[in-house]
Amino acid sequence: MVDPGGPEKAPSDAVVLFDGKDLASWMMADGRPAGWTVEQGAIVCRTGAGDIYSRVKFRSAQIHLEFNIPSMPEQHGQARGNSGVMLLSRENEIQVLDSYHNPTYADGVCGALYAVDPPLVNAYRLPGQWQSYDIVFHAPRCGAGGQVETPGSLTVLRNGVLVQDHVSDAPRTGCVEEGPLILQDHNGFGGKPAPPGARIKAPVTPIRFRNIWLRRLAN
Ligand code: MG
C-alpha cells in the first residue's frame, strides 16, 4: 500500500530529499555542507558555490523534482537559466535551461540528456514558473566482469509531457555502483566551487528547486 501524496506531499514510500526546510540531505562533492541557500521553501543555487550532491545514494529509481528558472532576458543559449539534474554522476545530466524562444543545440535544450539525446518536444513553461521533472531511471544490469549485460534506460516527463522515452544510452558511464542525485551550479568551473578570488564568468543564475524525492526501484 502506498499513499500517493499530493502536489506538495511525497508518496509514503519515497525518500524525501528536500521538504522545503533545510539542506540536511545535501552536501558538496567533498562532503562539506551544501553551499546553496533555502528561501521560501525552495533550494536556491548560489552561483560559484559548486554542484550539490544528495547524501542518499541510489541505483534505479523514480525521481520527482520541481525547478524554477529565473528570467534572464539579457542572456542567450546555454547562459540563460542553465542548471541540470544529474543521475549517479556528472556524466548523466538531464538539462535544465530556459528553452522558451532561446535557440541552442538540440541536445542542450531543457529536457535533453545533455550531449546525448535531444528531448522529443520542448514542453516549456515560462521562466519564473514552476516546472517538474518525473524521471524513471533503470541502471544497467552488469556481469561479474563489469560488462553491461542489459543496458540501462531513462524516461523523463517534463511538466507531465514525455520528453525522453526509455532511452538506452544512459548512463554514459556503463556499469555503475549506486550514486547521488546532483544539482548543477553552471558556474564555469565544471561544477566545482569557484577558487577563492576567481572571477566567475558565468551569469548569476539563482535557479530554485523544491519537492525533491525518489523511490528506489529493484531494477
Ligand atoms: Mg546544465
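1. A definition to start with: two strands pair if DSSP finds at least two bridges between them, and strands (E, at least two residues) are DSSP runs, numbered from the N terminus. With that in hand, G84 stands opposite Q95 in β8. Strand β7 (residues 83-87) and β8 run antiparallel, joined by 4 bridges.

2. A word on what you are looking at: this is a predicted model, in which local features need pLDDT of at least 70, side-chain atom pairs count only at pLDDT 80 or more, and totals for chains, interfaces and linings use all residues. Residues are numbered from 1 along each chain as its sequence is written, and side-chain values use heavy atoms, with hydrogens and water left out.

3. Stepping back to the sheet, 5 strands form an open, antiparallel arrangement in the order β2-β5-β14-β7-β8. The edges belong to β2 (26-27) and β8, each with a single partner strand, so one side of each is left without a neighbour in the sheet.

4. Now the magnesium ion: its donors (N, O and S atoms within 2.8 Å of the metal, or 3.2 Å for Na, K and Ca; water is not among the atoms, so sites may look incomplete) are N82 (OD1), S83 (O), E93 (OE), Q95 (OE1) and Q184 (OE1), at 2.1 to 2.2 Å. Along the chain they follow the spacing N-S-x9-E-x1-Q-x88-Q. E93 in strand β8 (residues 93-96) and Q184 in the loop between β14 (181-183) and β15 (208-216) are 91 residues apart, linking distant parts of the chain.

5. Are these two donors buried or exposed? E93 is buried (under 20% relative accessible area, against over 50% for exposed and partly exposed in between; 1.4 Å probe, protein chains only), at 7%. Q184 also counts as buried, at 7% relative accessibility.
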